[in-house]
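User: Please take a close look at one part of this structure and explain how its side chains are placed. Then connect that part to the rest of the chain in one continuous account.

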Amino acid sequence: GMDIAFKNLIYDYYSKDLSKKVKSAMRMKQKDGGYVSCCLYGYKVLPKEKHKMVIDPETAPIVRRVFEDIIAGKSTTQVARELNAEGVLTPMEYKGIHRKNQPEKKMLWTHQRILEMLGNIKYTGCMVNLKTTTVSYKVHKLIRKPEEEWSIVPNAQEAIIDENTWLRVQEL
């Protein structure tokens, strides 16, 4: 029984050490302006460099249109209805087509999805990382960090919309 307990202790120490190293490497990439999670709608992954996003010519015009419609005075619900009526693919459907795993039912644009898009500063070219952390390598519960601790790197990728447009939409 002692050797099993000792082996478990060694494995636990190894897991903890490995977790620290992986977390450290990811934080360095994030502080340099690289993205490490899923690619934002309107962008696609740069084929040769997987931590860089470039503008997707298929979806970026939709993002611009959403911002322009809000500035023109439309509500988020109106914008969502128009996109649904025109059959514009939602971010989930678009991602599914490229990954070749279509969702089983038709996805719809929603008021909430439009609000998330409008509130995302990454569309201005900034990369915002390190917004959450975990309790430990064993407990995967996410804890939201205060804004002062976020890593914000301006001009990390090409902007889909300019900062003035984003600020105007935030006012509205």
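Analyst: Helix α5 spans residues 111–118 and holds both Arg113 and Glu116, which sit 3 residues apart, about one turn of the helix. Helices here are DSSP runs of H or I with at least four residues, strands are runs of E with at least two, and both are numbered from the N terminus. The model is predicted: local features need pLDDT of at least 70, side-chain atom pairs count only at pLDDT 80 or more, and totals for chains, interfaces and linings use all residues. Residues are numbered from 1 along each chain as its sequence is written, and side-chain values use heavy atoms, with hydrogens and water left out.

The side chains of Arg113 and Glu116 meet in a salt bridge, with 3.5 Å from N to O. The term salt bridge requires a side-chain nitrogen of Lys or Arg within 4 Å of a carboxyl oxygen of Asp or Glu. Glu116 has a relative accessible area of 45%, so this residue is partly exposed. Buried stands for under 20% relative accessible area, exposed for over 50%, and partly exposed for the range in between, with a 1.4 Å probe and protein chains only.

After helix α5 comes a loop that leads to β3 (127–129), and Cys126 lies in this loop. Cys126 is buried because its relative accessible area is 14%. Between the C-alpha atoms of Cys126 and Glu68 the separation is 20 Å, and the two residues are 58 apart along the chain.

The pair in α5 belongs to a wider set, since the structure holds 8 salt bridges. Another is formed by Arg168 and Glu171, whose closest N and O atoms are 3.9 Å apart. Arg168 and Glu171 are 3 residues apart in helix α6 (residues 163–171), so about one helical turn separates them. Arg168 counts as partly exposed at 37% relative accessibility, whereas Glu171 counts as exposed at 63%. Elsewhere, salt bridges with shared partners join Arg65, Asp69, Lys74, Glu82 and Glu86 into one network.

Within that network, Glu86 forms a salt bridge with Arg65, the closest N and O atoms being 2.6 Å apart. Glu86 lies in the loop between α3 and α4 (91–99) and Arg65 lies in helix α2, so this pair ties together parts that are 21 residues apart in sequence. Arg65 counts as partly exposed because its relative accessibility is 22%.

The packing of the helices comes next. The axes of helix α2 (residues 60–71) and helix α3 (residues 76–85) come within 9 Å and cross at roughly 140 degrees. That angle makes α2 oblique to α3. Axes are lines fitted to C-alpha atoms, for helices over the stretch in contact, and angles between N-to-C directions run from 0 to 180 degrees. Under 35 degrees is roughly parallel, over 145 roughly antiparallel, 65 to 115 roughly perpendicular, and the rest oblique. The crossing of α2 and α3 is right-handed, meaning that the near helix is turned clockwise from the far one by less than a right angle, while anticlockwise would be left-handed.

Ala85 is placed in helix α3 and counts as exposed at 71% relative accessibility. From C-alpha to C-alpha, Ala85 and Trp109 are 9.8 Å apart in space, against 24 residues apart in sequence.

The strands and the loops add further positions. Tyr43 is in strand β1 (residues 43–46) and is buried, with a relative accessible area of 4%. Tyr43 and Leu130 are 87 residues apart in sequence, and their C-alpha atoms are 20 Å apart in space. Lys138 is found in the loop between β4 (132–134) and β5 (142–144), and this lysine counts as exposed at 52% relative accessibility. Lys138 and Ser15 are 123 residues apart in sequence and 9.1 Å apart in space, C-alpha to C-alpha.

Ile10 is found in helix α1 (residues 2–31) and is partly exposed at 42% relative accessible area. Together with Phe6, Leu9 and Tyr11, Ile10 forms a nonpolar patch on the surface with about 450 Å² of accessible area.
Patches are made of residues with over 30% relative accessible area and no salt bridge, with like charges joined within 9 Å and nonpolar side chains (Val, Leu, Ile, Met, Phe, Trp, Tyr) within 5 Å. Accessible areas come from the Shrake-Rupley method with a 1.4 Å probe, and for residues only the protein chains shown count as cover.
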